[in-house]
Amino acid sequence: MARPRTDVGTFGQFTCITAHNGKVKARVRFRDDDGQLRLVQATGDTRTAAERALKKKLTRRDTFSAGGRDLSADSTFGRLVEVWLADLDLTGRLAVSTRSLYERNMRQLVMPAFEHLLLREITVRKVDQFIKTLAANKSYSMAKQARTVLSLALGLAVRYDALRENPVRSIAVLHKPPSQAMALTSAQVDAIRVAVRGWRRGTGLSGPKPDGQLEQIIEVMLGTSGRIGEVLAIRKCDVDVTVSPARVRICGTIISPTGKPTYRQPHPKTEKSTRVVSVPSFTAEVIRQRLVLLANEPDEHLLFFSRNHTPLTTNNIRRRLRAVMEDIEVEGVTPHSFRRTVATFLDRASGPDLAAEMLGHTSSKITKEHYIQPDENVDPVTAEILEALAPRRDGGHGVA
């Protein structure tokens, strides 16, 4: 082995040693971000190549930090996701349902495309093509959700100095395809009521008969504008039928974490969503029926529940509703259809601001864009106003 040769480079004093196999090893003591000195080394066919490799390592500030959660440009995207998920849990600012949704979207939509790439290999072009392809082959909604979690994760990489900038910020704008909210008509609502009341109540059917809760839940959704999770989270103590009109406090939602029991979350989707609404008589009647059934239960007991007195899941209600709609061959009806119906009826009667207040939205813009079915009818007062343009009885020969 040749004698070590010491030189002074950009990063301080480094040493080059030629091994028996002819390779040259360059090494240096490097003061890391945590203040600790660590030995960093690299090899090459020549002294110049070894020094170049060492300087490249140091410039990229590779994997020399003692912190197990540190990232570098040479970390894999899979490693970034691990750190990102741990960071979400550390901050604890996300609702359990949102945290679960983020992880699901990351693992199902994004990871298959990026898992084994190094962070420095994730370019604007790759991200742009991925999002466009997902939107074209799957849906706008999936592409939007994938973009959200990908941007959050890569944003963390920027904050950890593993990337200089977030490539998601430079991709093309994702254009939402034209669509409009569709509300149910009064006739359609009545048809759904009839279908739900008659579902699986004929003779000769195996299995337990429906318990009647689905039709009652629909009446409460129509009377409160509540999301399905919010309606399933209503308790005895949240209703007051001693006043007229009866009132319901929307102050929770049902959560079903993956692999864990379903439970009631003590707040709805957003802070603005907590609200007290006055309900119509048909909703109040359903609530009275539930209260009679729960007369001997504590005030914290849910209005709607399983046979074991545990919370119903939102997916359970969606499945039941789909089964009913299949029997009458009606497509596109979901629990959210009733929420859009409420918004549209209120808008027609009093405008979007009241609809937004009822739905628990922070602004009427959200309500108008996603919940209110556009009204093609122009105010008929225009006909009265335009009568001024009618032909004159004298043949229209007026003074110029």
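In this predicted model, helix α4 (residues 124–137) and helix α5 (residues 140–159) cross at roughly 150°, and their axes come within 7 Å of each other. An angle over 145 degrees counts as roughly antiparallel, and α4 and α5 are therefore roughly antiparallel to each other. On the α4 side, the contact is made by V127, F130, I131, L134 and A135. Helix α5 answers with Y140, M142, A143, A146, R147 and L150. Sorted by class, the contact of α4 with α5 has 10 nonpolar residues, no polar ones and 1 charged one.

A second helix pair can be read in the same way. Two packed helices are described by the angle between their axes and the distance between the axes. For helix α2 (residues 77–91) and helix α3 (residues 96–114), the angle is about 175° and the axes lie 11 Å apart. That angle makes α2 roughly antiparallel to α3. Helix α2 brings F77, G78, V81, W84, L85, L88 and D89 to the contact. From α3 come R99, Y102, E103, M106, R107, V110, M111 and F114. By class, the contact of α2 with α3 has 10 nonpolar, 1 polar and 4 charged residues.

Attention now turns to the strands, with β6 as the guide. In a regular strand the side chains alternate between the two faces of the sheet. Strand β6 (residues 247–250) shows this alternation: V248 and I250 point to one face and are buried. The side chains of R247 and R249 point to the other face, and these two residues are not buried.

Strand β6 also pairs with other strands. Strand β5 (residues 239–240) runs antiparallel to β6, and 2 bridges join the two. Between β5 and β6, a hairpin makes the connection through 6 residues. One bridge partner can be named here: D240 is matched with R247 in β6. With strand β9 (residues 275–278), β6 pairs over 4 bridges, again in the antiparallel sense. R247 has a bridge partner in β9 too, namely S278.

Stepping back to the whole chain, there are 14 helices and 9 strands. Of the 400 residues in the chain, 39% are buried. Among contacts between residues at least 6 apart in sequence, 56% join residues at least 24 apart. The accessible surface of the chain comes to about 23,800 Å², and carbon and sulfur atoms account for 51% of that area.

How values were computed
Residues numbered from 1 in each chain as written. Predicted model: local features only at pLDDT ≥ 70, side-chain atom pairs only at ≥ 80, totals over all residues. Heavy atoms only, no water. Buried < 20%, exposed > 50% of the residue type's maximum accessible area, 1.4 Å probe, protein only. Contact = heavy atoms within 4.5 Å. Areas by Shrake-Rupley, 256 points an atom, 1.4 Å probe, with all protein chains shown as cover. Axes fitted to C-alpha atoms, helices over the stretch in contact; angles between N-to-C directions. Parallel < 35°, antiparallel > 145°, perpendicular 65-115°, else oblique. Nonpolar A, V, L, I, M, F, W, Y, C, P; charged D, E, K, R; others polar. Pairing = 2+ DSSP bridges.
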